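Notebook open. I want to look up charged pairs first, then the nonpolar surface.

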Amino acid sequence: MQVAHMNLATPGWLLANTDQLFLTDLGPQIWTSARAYCPVFGGQNSTATAVSLAIAGPDYEPGALRDSIKFFLRTHTLVVMATGSDERTYAAYVELGHKIVVFGHATGRSKPPQSFLRRALYQIRATA
């Protein structure tokens, strides 16, 4: 980890160094962990059934949720987020759990949370 020179007389030195820490160290660590924990439909960490995979079809490209994970700074705040695919925003449903609806019909079942963002965020991390 490289930290900018800390000159206490320079205005904004703390924010500048914190921003750099977020972008070069903490952000990439959380992003990497979130991608590792993210369930991939029909693949890594998946709970998809054979029926769900059949409905998805042979042209289905797995990993849209994992690939949507990104991090950036917004006014000195590290933001780590995921959306889902370009067509649908569903990351919150995976992260927090949801009721199962098939083709617009409620099944009476629910899907438990599959936390990947919070799990990555709440890891204890050591800095070098």
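I started with R118 and asked whether this residue is buried or exposed. At 32% relative accessibility, R118 is partly exposed. I keep in mind that this is a predicted model.

Next I looked up the partner of R118. R118 makes a salt bridge with E95, and the closest N and O atoms are 2.8 Å apart. R118 sits in helix α5 (residues 117–121) and E95 in helix α4 (residues 91–96), so this pair ties together parts 23 residues apart in sequence. Is E95 buried or exposed? I find 6% relative accessibility for E95, which counts as buried. The cut-off for buried is under 20% relative accessible area. So the bridge joins a partly exposed arginine to a buried glutamate.

**Entry: the other salt bridges**

How many salt bridges does the whole structure hold? My search found three. I turned to D67. D67 bridges to R35, with 3.6 Å between the closest N and O atoms. That pair links distant parts of the chain: D67 belongs to helix α3 (residues 64–67), R35 to helix α1 (residues 13–37), and 32 residues separate them. I noted the exposure of R35 too. R35 has a relative accessible area of 24% and is partly exposed.

D67 also meets R66 through their side chains, in a salt bridge of 3.3 Å, N to O. I therefore asked which residues are linked in a network of salt bridges. R35, R66 and D67 are. As general background, I wrote down that side chains of opposite charge can pair when their charged atoms come close.

**Entry: nonpolar surface**

I then left the charges and searched for a nonpolar patch. V51, I55, V102 and F103 form one on the surface. Together they have about 420 Å² of accessible area. I checked one of these residues, F103, separately. F103 lies in the loop between β3 (98–102) and β4 (105–111). Its relative accessibility is 67%, so F103 counts as exposed; the cut-off is over 50%.

**Entry: F41**

Where is F41? I located F41 in the loop between α1 and α2 (50–56). F41 is partly exposed, at 30% relative accessibility. I also took the C-alpha to C-alpha distance from F41 to E61, which is 9.2 Å in space. In sequence, F41 and E61 are 20 residues apart.

Key:
Residues numbered from 1 in each chain as written. Predicted model: local features only at pLDDT ≥ 70, side-chain atom pairs only at ≥ 80, totals over all residues. Heavy atoms only, no water. Salt bridge = Lys/Arg side-chain N within 4 Å of Asp/Glu carboxyl O. Helix = DSSP H or I, 4+ residues; strand = E, 2+ residues; numbered from the N terminus. Buried < 20%, exposed > 50% of the residue type's maximum accessible area, 1.4 Å probe, protein only. Patch = residues over 30% accessible without salt bridge, like charges linked within 9 Å, V, L, I, M, F, W, Y side chains within 5 Å. Areas by Shrake-Rupley, 256 points an atom, 1.4 Å probe, with all protein chains shown as cover.
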